[in-house]
Amino acid sequence: MSSTKSGVAAFPKIKAIKTFIIQGVGSGGDYHNVKGGHWLIDSKIATPMSGYEEYRQSRTSWGINVLGSFCVELEATDGTKGFATGFGGPPACWLVAEHFKRFLIGADPRDTNHLFEQMYRASMFYGRKGLPVAVISVIDLAIWDLLGKVRNEPVYKMIGGATRERLWFYCTGPEPASAKEAGFTGAKVALPYSPGEGPEGMRKNVEYLRKKRSEVGPDFPLRVDCYMSLNVPYTITLVEKCKDLDIDWWEECLSPDDFDGQALLKRAHPTVKFTTGEHEYSRYGFRKLIEGRNVDIIQPDVMWVGGMTELLKVSAMAAAYDIPVVPHASGPYSYHFVVSQTNCPFQEYLANSPDGKSVLPVFGNLFTNEPIPTKGYLDITELDKPGFGLEINPSAPLIDATRILNPAPARSLEPAPQEGSEQANGVA
C-alpha cells in the first residue's frame with residue numbers, strides 16, 4: 001500500500017460490487033434450500049404454519065426456501081476481493097444493486113460502523129428487520145472478508161483475537177445419538193408437533209423427547225428447538241410434562257415479538273433455560289430481549305442480524321448482563337466471532353447431511369475448504385487464513401445477477417435541479 005502525506009499507509013477503497021444467485025439447491029447461505037427428503041425440510045417439525053394441516057408435511061410447502069441463497073463480491077482498488085453468502089436470492093441482489101451500492105462504491109472498507117449505519121438508516125422505511133437487514137448482513141460479512149484479505153489476517157484477529165485454542169460444538173439434527181457418537185458436546189432436536197395438533201400432538205411431543213433422551217442417556221445435554229411454533233400456555237404445560245427429561249434448554253418457543261410472553265415463561269419455570277434470538281434483527285431488536293433478562297442465552301444469526309459489525313454490538317450488550325451468546329449456525333462466519341468473544345461458550349453445528357447423521361460443510365459445495373468440526377471441535381489454527389479463509393469452488397453454480405431482472409426495474413427519479421443551475425434555467 002502507498003503512503004499518504006501524513007505517513008499513514010493509504011488503504012484500498014471499494015471500487016465494485018457484484019451479486020450472484022446460486023443455481024440449484026444445497027449450496028450457499030440459505031440453510032433450507034436443500035433437496036427433497038432432507039431432514040431440514042421434510043421431517044416432522046413444528047412451525048408457525050403447523051396450525052394449517054395442508055402445510056404440516058413439508059416446510060417447503062409454505063415457502064421456507066422461497067428466496068434461496070445469494071452472494072456478494074466486493075472488489076477494492078488494489079484488486080483484492082471480499083466475498084460472502086447468505087439468503088435472499090434475486091430480491092437481495094436487487095436491493096444491493098438499486099439501493100445499497102450507492103453507500104459502498106468509493107468507501108473505505110475499514111469504516112464498518114459508518115457503512116452499516118448508512119445502509120440500515122436508509123432502509124428503515126421498509127426494513128429494520130427481515131430481508132433488508134439480512135442483505136446488509138451479507139454485505140457486511142463481505143466487507144470483513146475484504147478487510148482480512150487486504151490486511152492478510154483472519155477476521156477473528158481483527159475483532160478481539162483468540163479467547164481459546166479450541167472451539168467446541170453442539171449439533172442440531174434429528175439424530176442426537178449420532179451427534180454424541182461423533183464427539184459433539186450436546187445435541188438439539190426439533191419439536192415435531194404444534195398447539196394446532198391438539199392433545200394428541202402434545203402427547204406425541206413428550207413421547208418423542210422421551211425417546212430421544214433414552215437414546216443419549218441421562219447426562220448428555222439435550223436441547224429442543226420449537227421454531228416460533230408455540231404459545232405461552234402450551235409451552236408452560238409442555239415444559240412441565242418434560243421436567244424429568246432434564247432438557248438443557250427450550251429454544252424459540254414463541255413469536256420473536258412476544259417479549260412479554262418470555263417473561264411469563266420465566267415466571268412459570270424460573271429454573272428452566274429458555275433461549276431465542278435467531279429471528280431477531282439489529283441491536284435495537286435485541287435491546288429489550290436482553291434488558292428483560294427473561295432469556296438465558298441469545299442466539300443471533302450473523303447472516304441475518306446485521307453482519308459482524310452489528311453482532312459485536314449485540315454481544316457487548318449481552319456481556320453487560322452476563323448473558324451468553326451462542327450464535328445460530330452460519331458456519332465459519334460464526335466461528336470467527338465465537339472464538340473472539342469471552343461470553344460465547346460454544347457454537348452450533350447445523351447438520352447439513354440429508355439424514356442428519358454425518359458432518360458436511362454448512363455451505364455445501366460453495367467453498368473448497370470450509371472448516372468443519374471433527375470429534376466435536378475445531379482447532380482455531382484452522383481459521384488462520386486471510387479474511388474468513390474461504391476459497392470459492394471454481395465449479396460452484398454461481399450466476400451473475402447483473403441481468404437476472406428482465407425487464408430491468410425503472411430507475412429512480414433524478415434529483416430536482418438546484419435553483420440557479422443551468423437545468424433550472426432551461427439551459428441544456
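The paragraphs below lead through the empty spaces in this predicted model and then through one helix and a pair of strands.

Empty space is a convenient place to begin, since rolling a probe the size of a water molecule over the atoms shows where such space is left. When the whole structure is searched in this way, seven cavities of 30 Å³ or more are found. The largest cavity has a volume of about 170 Å³, and of the 14 residues that line it, His 32, Leu 40, Arg 59, Asp 225 and Tyr 227 lie nearest its centre. Two elements, α1 (39–42) and β10 (347–350), each supply at least two residues of this lining, which in its composition divides into seven nonpolar, three polar and four charged residues.

The second largest cavity holds about 80 Å³ of space. Its lining is made up of 13 residues, and those nearest the centre are Ser 255, Pro 256, Thr 276, Gly 277 and Leu 289. Here the division is four nonpolar, five polar and four charged residues.

Pockets, unlike cavities, are open sets of points, and the second largest pocket contains about 360 Å³ of space. Of the 18 residues that line this pocket, Phe 87, Tyr 227, His 279, Tyr 281 and Trp 304 are the closest to its centre. Eleven residues of the pocket lining are nonpolar, six are polar and one is charged. Tyr 227 has thus appeared twice, once among the residues nearest the centre of the largest cavity and once among those closest to the centre of the second largest pocket.

From the spaces we turn to strand β6 (residues 222–225), whose Asp 225 is also one of the residues nearest the centre of the largest cavity. In a regular strand the side chains alternate between the two faces of the sheet. In β6 both faces are covered, with Leu 222 and Val 224 buried on one side and Arg 223 and Asp 225 buried on the other. Strand β5 (residues 187–190) pairs with β6 in the parallel sense over four bridges, and Asp 225 is the bridge partner of Ala 190.

Helix α9 (residues 259–268) can be read by its sides, and its buried residues are Gly 261, Gln 262, Leu 265 and Lys 266. Because these residues cover an arc of only 140 degrees around the axis, they lie on the same side of α9. The face turned away from this buried side carries Asp 260 and Arg 267, which are exposed. The buried residues of α9, for their part, pack against α8 (232–241) and β8 (274–276).

Note on methods
Residues are numbered from 1 along each chain as its sequence is written. This is a predicted model: local features need pLDDT of at least 70, side-chain atom pairs count only at pLDDT 80 or more; totals for chains, interfaces and linings use all residues. Side-chain values use heavy atoms; hydrogens and water are left out. On a 1 Å grid over the protein atoms alone, a cavity is a set of points where a 1.4 Å probe fits but cannot get out, and a pocket is an open set with protein on both sides within 12 Å along at least five of seven lines; lining residues have an atom within 4 Å of a point. Grid points are joined across faces, edges and corners, and a volume is the space filled by probe spheres set on the points. Ala, Val, Leu, Ile, Met, Phe, Trp, Tyr, Cys and Pro count as nonpolar, Asp, Glu, Lys and Arg as charged, and the others, Gly among them, as polar. Buried means under 20% relative accessible area, exposed over 50%, partly exposed in between (1.4 Å probe, protein chains only). The arc is that of the directions from the helix axis to the C-beta atoms. Contact means heavy atoms within 4.5 Å. Two strands pair if DSSP finds at least two bridges between them.
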